[in-house]
Amino acid sequence: MLQKDLLPWIESVGDLGDDVLEIGPGPGLTTDLLRRRVSHLTAVELDATLAHPLRERLGGTNVDVICTDATRSGLDANRFSAATCFSMLHHMPTPADQDALFTEVSRLLRPGAIFVGTDSIDLDVIRAGHVDDVFVPVGPDTLADRLAAAGFVDTQVDVGDYQFRFVARMPTGDHLAFAVPGAE
Ligand SMILES: C[S@@+](CC[C@H](N)C(=O)[O-])C[C@H]1O[C@@H](n2cnc3c(N)ncnc32)[C@H](O)[C@@H]1O
């Protein structure tokens, strides 16, 4: 699925650029795919039992693995050419945590950079798979407004049978000129 659907879709929605942030890589299946397509990838993983083996496995490659909470990464503002998050939003404990992540991602991205992701739809069959786990699904119909509140524009959301996928963009100078009354 990652190879055949996710990557072609990502490549169709925009350019990832040279310095990409991956949020919530888990064991690194998505990291392995992304890192072959970009110059540099920074993977931010909260769970030390996943982050440390991933850092060890990818040592000496074009991937930096950072073990921290992505809502307060401490990384430099305006650094990244794109950010990704695959199947991680529903693992955040509250909608406020998800919104804090959107705000942090917007801080980290350059003007015009894209934020792409996938996540689960709220279905009984998926809830059943998270009985002993966090499951706070993001309503796909709410996502554009939530991303706009964090500063994103041009959000597109595609809803499938079990998952939705989205792409949003940081404004460029052109968007800012339209947003600020009197600005040229
Ligand atoms: C289901 S895994 C997805 C792994 C991978 N992206 C994939 O699609 O195969 C979700 C990951 O997000 C991580 N995660 C959850 N909250 C996080 C946070 N605040 N900061 C960084 N990582 C987080 C979890 O620890 C988990 O490894």
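**The ligand site and a β-hairpin**

A polar side-chain atom of E45 lies 2.5 Å from an oxygen atom of the ligand, in what is a predicted model. Two further contacts involve the protein backbone and nitrogen atoms of the ligand: a backbone N or O atom of G24 lies 2.8 Å from one such nitrogen atom, and a backbone N or O atom of L46 is placed 3.2 Å from a nitrogen atom of the ligand. Taken alone, the ligand exposes 610 Å², of which the protein buries 83%.

Widening the view from these contacts to the surroundings, one finds 17 residues around the ligand, and the closest of them are G24, E45, D69, A70 and F86. G24 and E45, already met through their polar contacts, thus return in this list of the closest residues. By character, the shell around the ligand is made up of eight nonpolar, six polar and three charged residues. The space that the ligand takes is the largest pocket.

Another part of the chain to follow is the pair of strands β6, which covers residues 153-159, and β7, which covers residues 163-169; these run antiparallel and are joined by five bridges. With three residues between them, β6 and β7 form a hairpin. Within this pairing, D158 has R165, in β7, as its bridge partner.

Technical notes: Residues are numbered from 1 along each chain as its sequence is written. This is a predicted model: local features need pLDDT of at least 70, side-chain atom pairs count only at pLDDT 80 or more; totals for chains, interfaces and linings use all residues. Side-chain values use heavy atoms; hydrogens and water are left out. A residue is near a molecule or strand if one of its heavy atoms lies within 4 Å of it. A polar contact is a pair of N or O atoms within 3.5 Å; within protein, one must be able to donate a hydrogen and the other to accept it, and residues adjacent in sequence count only if both atoms are side-chain atoms. Accessible areas come from the Shrake-Rupley method with a 1.4 Å probe; for residues, only the protein chains shown count as cover. On a 1 Å grid over the protein atoms alone, a cavity is a set of points where a 1.4 Å probe fits but cannot get out, and a pocket is an open set with protein on both sides within 12 Å along at least five of seven lines; lining residues have an atom within 4 Å of a point. A molecule sits in a cavity or pocket if more than half of its atoms lie within 2 Å of its grid points. Ala, Val, Leu, Ile, Met, Phe, Trp, Tyr, Cys and Pro count as nonpolar, Asp, Glu, Lys and Arg as charged, and the others, Gly among them, as polar. Two strands pair if DSSP finds at least two bridges between them. Helices (H or I, at least four residues) and strands (E, at least two) are DSSP runs, numbered from the N terminus.
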